[in-house]
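Student: I would like to examine one part of this model closely and see how it fits with its surroundings. Please take the sequence and structure below as the basis for the discussion.

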Amino acid sequence: MSDHLYSVEQVAERLGLHARTVRNYVRDGRLPAVRIGKQYRIAHADLEAFTGRPVPEPLGETTWRDRHTEVSSIVEIDAVGAETAHRLTTLLTSAAATRGPGGSPLRIETVYDTERARMKVIVIGSLGDTARLFDYMEGVLAS
């Protein structure tokens, strides 16, 4: 069962009706809806009951039930030279900026302590993107 709520305009588009017609159905009580502020919202189940047929979930829209995973990682690298730290920072920031379309945001912060020759990398992103970044890091650090 879906908990998706549709606007009057979304219902009108799905049913091939004018938005005014859908609003009239709501006002007449033929199509159940809840009023949120100045707008009506129609529940997925109520839309199915109104049409008498199953209504597919809208493609590409996110509902509260969609699963989202995010990784927050802090990587500390000891005994790293300034040149390697700079190369690693450049690689990670460019990899984060050139991801494919539709991906979730990938955030990267790097800090290099020259006195201690220590680098800290903070990565926040999806599981796959984070794993790819770790592979890139391993490649730079292994050379």
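Which residues of H5 are buried?

Tutor: The model is a predicted one, and the answer below should be read in that light. The buried residues of helix H5 are Asp-129, Thr-130, Leu-133, Met-137 and Val-140. Viewed down the axis of H5, these residues fall within an arc of 95°, so they line one face of the helix. On the other side of H5, the exposed residues are Leu-127, Glu-138 and Ala-142.

The helix itself covers residues 127-142. H5 contains 16 residues, and the distance from its first C-alpha to its last is 22 Å, close to the 22 Å expected at 1.5 Å a residue.

The surroundings of H5 come next. The buried residues of the helix pack against S4, H4, S5 and S6. Three of these elements are strands, and they form an open sheet in the order S4-S6-S5 with antiparallel pairing. The edges of this sheet are strand S4 (71-77) and strand S5 (107-113), each of which pairs on one side only. From one strand to the next, the twist averages 10°. Strand S6, residues 118-125, is joined to S5 by 7 bridges, and the two strands run antiparallel. One pair in this ladder is Tyr-112 with its bridge partner Met-119 in S6.

Helix H5 lies across S4, S5 and S6, and its direction is at about 10° to S4. Helix H4, which spans residues 82-97, also lies across S4, S5 and S6, but it is described relative to S5, to which it runs at about 170°. H4 is in turn among the elements against which the buried residues of H5 pack.

One of the buried residues of H5 also takes part in a salt bridge. Asp-129 pairs with Arg-132, and the closest N and O atoms are 2.6 Å apart. Both residues belong to helix H5 and are separated by 3 residues, about one turn of the helix. Asp-129 has a relative accessible area of 11% and is therefore buried, the limit being under 20%. Arg-132, at 43% relative accessibility, counts as partly exposed. The salt bridge thus links a buried acidic residue to a partly exposed arginine.

Elsewhere in the chain there are other ion pairs for comparison, since a search of the whole structure finds 7 salt bridges. One of them joins Asp-113 and Arg-116, whose closest N and O atoms are 3.7 Å apart. Asp-113 counts as partly exposed at 25% relative accessibility, whereas Arg-116 is exposed, with a relative accessible area of 58%. Another is formed by the side chains of Arg-30 and Asp-28, at 3.4 Å from N to O. Asp-28 counts as exposed, at 52% relative accessibility.

The remaining strands can be described in a similar way. Strand S3 (residues 39-43) has Tyr-40 and Ile-42 on a covered face and Gln-39, Arg-41 and Ala-43 on an uncovered one. In a regular strand, side chains alternate between the two faces of the sheet. Strand S1, residues 5-7, pairs with S3 in the antiparallel sense over 3 bridges, and the bridge partner of Tyr-6 in S3 is Ile-42. Strand S2, residues 34-36, is likewise joined to S3 by 3 bridges, and the two run antiparallel. Within this pairing, Arg-35 stands opposite Tyr-40 of S3. The hairpin of S2 and S3 has 2 residues between its strands, and Gly-37 there takes a positive phi near 65°.

Finally, the chain as a whole places H5 in context. There are 5 helices and 6 strands, arranged along the sequence in the pattern β-α-α-β-β-α-β-α-β-β-α. Of the 143 residues in the chain, 28% are buried. Among contacts in the chain with a separation of 6 or more, 59% are between residues 24 or more positions apart. To return to the original request, the buried residues of H5 line one face of the helix and pack against S4, H4, S5 and S6.

Definitions and conventions. Residues numbered from 1 in each chain as written. Predicted model: local features only at pLDDT ≥ 70, side-chain atom pairs only at ≥ 80, totals over all residues. Heavy atoms only, no water. Pairing = 2+ DSSP bridges. Helix = DSSP H or I, 4+ residues; strand = E, 2+ residues; numbered from the N terminus. Axes fitted to C-alpha atoms, helices over the stretch in contact; angles between N-to-C directions. Contact = heavy atoms within 4.5 Å. Expected span 1.5 Å × (residues − 1). Buried < 20%, exposed > 50% of the residue type's maximum accessible area, 1.4 Å probe, protein only. Arc of directions from axis to C-beta. Salt bridge = Lys/Arg side-chain N within 4 Å of Asp/Glu carboxyl O.
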